[in-house]
Amino acid sequence: MSEPGPAIRQTKRLSADAAGIAEAAALLRAGGLVALPTETVYGLAADATSGSAVAGIYAAKERPSFNPLIAHLPDLAGARRQGLFDANALTLAQAFWPGPLTLVVPASPGCTVSELARAGLSSVALRVPVHPVAQAVLAAAGRPIAAPSANRSGRISPTSARHVLADLEGRIDAVLDAGPAAVGVESTIVACLDGAPRLLRPGGVPREAIEHVLGRPLVIASETGHGPIAPGMLASHYAPAARMRLDADAPHDGEAWLGFGPEARAHPAALNLSPAGDLGEAAANLFGHMRRLDEAGHAVIAVARIPEQGLGEAINDRLRRAAAPRQTGI
Ligand code: TXA
Ligand code: MG
């Protein structure tokens, strides 16, 4: 049923009830591709232990290179069968799982996550999502599930089943629809490989919260200039067709406007990430609002300044990627 390759498939819409969850898990066990809701974004899920199932993810996304993928598990006990947790990793898992945190740890000797999902690395990225539907599917699937965001490579990450279908209709076996994703940006990725935990990607758990639990600052991977920077964190990743102009005070003539916080002025092509200035609400709205302005065909989307604190760090990271000059082949 799931030959890797750009096979044409009928994409089923499954509802997030017991029957839909059971069918999603059965498709995954049979090597299929299912878009699953998580609290961060929708993931394109496949059996992480099967190289051919994982190859189907890359084919459906048209990912030109085999970036390592996150393996999703229902709980810490399951994750500890796949990876070796040092004291820091254990502290973070206990504090933030289930939830929007991914830990990159050395793969355990018994790790069943396929070489392809790990891109041949000796480490493995593990995440225990909190979304109840994701939890139910993981429990029923009974194996690690690889799931990058369910968009075509280089496009905006999906926070609803509609977004998933816009990119992947006809390329995947099913989408399990559980409504909009609550967090709206991907998980924070922290590597615990050699002592000092390193922030590989800002995301749904604010850096400050992690540093508070660890009792020390995180090493920022991109600032060290070497080591296992998350290979998927390439500059132009969240690419709308429109050009993005960031940190704007106001839209210029003809620009669409993506605002943040209370605004007096009326604008014909404006959306507001959070009129109340709430960063959590802004994160949840980010990808959907970018998509809506982009789909309306505006040439330029001007974006208000977002504070660089809490979830603002992840929001600004994604906005900078959306604004970056396009790199081909990513
Ligand atoms: O919120 C999320 O994390 C979503 C949902 C679906 O769970 N998933 C997601 O997966 O964002 P993906 O594949 O788009 O991002 C995986 C990131 C990439 O930047 C990849 O390079 C990094 O994790 N990564 C995976 N394994 C790694 C490893 N062993 N070492 C360093 N980075 C790794
Ligand atoms: Mg992605």
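**Exercise 1. Pairing around β8**

In which sense do strand β1 and strand β8 pair, and over how many bridges? Then find what β2 does with β8.

Before starting, keep in mind that this is a predicted model.

Step 1. Take β1 at residues 12–15 and β8 at residues 174–177: they pair in the parallel sense, over 4 bridges.
Step 2. For a spot check, look at S15, which stands opposite D177 in β8.
Step 3. Now go to β2, residues 34–36. It runs parallel to β8 and is joined to it by 2 bridges.
Step 4. Check that one too: A35 has V175 of β8 as its bridge partner.

**Exercise 2. An aromatic pair**

Work out which geometry class the rings of F85 and W97 fall into, and which parts of the chain they link.

Step 1. Start with the count: the structure holds 1 aromatic pair.
Step 2. The ring centres of F85 and W97 are 5.9 Å apart, and the planes meet at 70°. Planes over 60 degrees apart count as edge-to-face, so that's the label for this pair.
Step 3. Place the residues. F85 sits in the loop between α3 (76–82) and α4 (87–96), while W97 sits in the loop between α4 and β5 (101–106), so the pair ties together parts that are 12 residues apart in sequence.
Step 4. Add the surroundings: both F85 and W97 are buried.

**Exercise 3. Hubs of the nonpolar core**

Which residues touch the most other members of the largest nonpolar core, and which elements feed it?

Step 1. The core has 49 residues, and F85 and L103 are the ones that touch the most other members.
Step 2. The elements giving two or more residues to this core are β3 (43–47), α2 (51–61), α4, β5, β6 (123–127), α6 (161–168) and α7 (207–214).
Step 3. Zoom in on L103. Skipping residues up to four places away in sequence, its contacts include F85, W97, V124, L126 and C192.
Step 4. Don't stop there: another core lies apart from this one, with 31 residues, among them A248, L293, A302 and I306.

**Exercise 4. A long-range contact of E208**

Classify E208 by accessibility and find what it contacts beyond its neighbours within four places in sequence.

Step 1. E208 is in helix α7.
Step 2. Its relative accessibility is 36%, so E208 counts as partly exposed.
Step 3. With neighbours within four places set aside, E208 is in contact with Q309 and G310.
Step 4. For G310, compare the two separations: 102 residues in sequence, but 6.6 Å in space from C-alpha to C-alpha.

**Exercise 5. An open sheet and a helix across it**

Write down the strand order of the 4-stranded open sheet, pick out its edges and place helix α10.

Step 1. The order is β12-β15-β13-β14, and the pairing is parallel.
Step 2. β12 (243–248) and β14 (270–272) each pair on one side only, which makes them the edge strands.
Step 3. On average, neighbouring strands here are turned by 20° against each other, direction ignored.
Step 4. Inside the sheet, β13 (residues 256–259) and β15 (residues 300–304) are joined by 3 bridges. A256 has I301 as its partner in β15.
Step 5. Helix α10, residues 312–323, lies across β12 and β15 and runs at about 140° to β12.

**Exercise 6. Confidence check**

Where does the pLDDT fall below 50?

Step 1. Get the overall picture: the average pLDDT is 90, and 91% of the residues score at least 70.
Step 2. The stretch below 50 covers residues 223–228. It has 8 contacts in the model beyond near neighbours in sequence.

Note on methods
Residues numbered from 1 in each chain as written. Chains lettered and ligands numbered in written order. Predicted model: local features only at pLDDT ≥ 70, side-chain atom pairs only at ≥ 80, totals over all residues. Heavy atoms only, no water. Pairing = 2+ DSSP bridges. Phe/Tyr/Trp six-rings, centres within 6.5 Å; stacked < 30°, edge-to-face > 60°. Buried < 20%, exposed > 50% of the residue type's maximum accessible area, 1.4 Å probe, protein only. Core = buried A, V, L, I, M, F, W, Y, C linked by side-chain atoms within 4.5 Å. Contact = heavy atoms within 4.5 Å. Axes fitted to C-alpha atoms, helices over the stretch in contact; angles between N-to-C directions. pLDDT = per-residue confidence, 0-100.
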